[in-house]
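Reader: I would like to go through this model with you and ask how its labels are earned. Could you set each value against its cut-off as we go?

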Amino acid sequence: MITKNGPKPKLGDYRKILEAKAEEVRRSMSAQKAAQVVARLDIPSDEGDLSQQHHEEWIFLNRNSIDMKLLREIADAIHRMDREHYGICLECEEPISAKRLDAVPWARYCVSCQERIATRIAEGESVDEYQEADR
Ligand SMILES: [Zn+2]
């Protein structure tokens, strides 16, 4: 276990975890894509249930955009590693706890900043503002 003042998280380990996760997401995205194409071929064009098709499309797009977002987060995290800024909260610049990085290796913020931001988002503030902020 890594204690509060214990050894720093091993970057190489997180990089491996992040790269493996990115690979997993990419694979699942192409699997979904393949499944979607097959499903479409199965629907007869003249009697296909359009609303059902739209529903599936929505789920597909929605899942994909979550995956895309995750991929972007992972790529950003790897970027931060290259700039030796990994594991540092983008808001308060305090180190993010190893416990949090173990749970969410692509975390941008420490727990308290994340909670504060989540509250602001819940109150209707734009999420994109925060995504733009660290470019
Ligand atoms: Zn913070």
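Reader: Where is Glu 93 found?

Author: In this predicted model, Glu 93 is in the loop between α2 and α3. Its phi is positive, about 60 degrees, although Glu 93 is not a glycine.

Reader: What makes Glu 93 count as exposed?

Author: Happy to show the step. A residue is exposed if 12 or fewer other C-beta atoms lie within 10 Å of its own. Glu 93 has 10 such neighbours, so it counts as exposed.

Reader: Which loop holds Glu 84, and what is its phi?

Author: Glu 84 also sits in the loop between α2 and α3, where α3 covers residues 98-103. Glu 84 has a positive phi of about 55 degrees, again without being a glycine.

Reader: Is Glu 84 buried or exposed, and how do you know?

Author: The count is 9 other C-beta atoms within 10 Å, and the cut-off for exposed is 12 or fewer, so Glu 84 is exposed.

Reader: Why is Glu 19 called exposed, with 12 other C-beta atoms within 10 Å?

Author: Good one to ask about. The limit reads 12 or fewer, and a count of 12 satisfies it, so Glu 19 is exposed. Glu 19 lies in helix α1. Its C-alpha atom is 7.8 Å from that of Ile 74, a residue 55 positions away along the chain.

Reader: What makes a set of residues here a nonpolar core, and which residues are in the largest?

Author: The members must be buried residues of nonpolar types such as Leu, Ile and Trp, joined through C-beta atoms within 7 Å. The largest such core has 11 residues, among them Tyr 14, Leu 18, Ile 74, Trp 106 and Cys 110. Two or more of the core residues come from each of α1 (11-42) and α2 (50-82). In soluble globular proteins, nonpolar side chains tend to be buried together.

Reader: How many of the 135 residues are buried?

Author: Buried residues make up 10% of them. For that label a residue needs 20 or more other C-beta atoms within 10 Å.

Reader: How do you know that the length of helix α4 agrees with its number of residues?

Author: Helix α4, residues 111-122, has 12 residues, and at 1.5 Å a residue the expected span is 16 Å. Its end C-alpha atoms are 16 Å apart, so the two agree. Just after α4, Gly 124 takes a positive phi of about 105 degrees.

Reader: What is the overall pattern?

Author: Along the sequence the protein reads α-α-α-α-α, with 5 helices and 0 strands.

Key
Residues are numbered from 1 along each chain as its sequence is written. This is a predicted model: local features need pLDDT of at least 70, side-chain atom pairs count only at pLDDT 80 or more; totals for chains, interfaces and linings use all residues. Helices (H or I, at least four residues) and strands (E, at least two) are DSSP runs, numbered from the N terminus. The expected span of a helix is 1.5 Å times one less than its number of residues.
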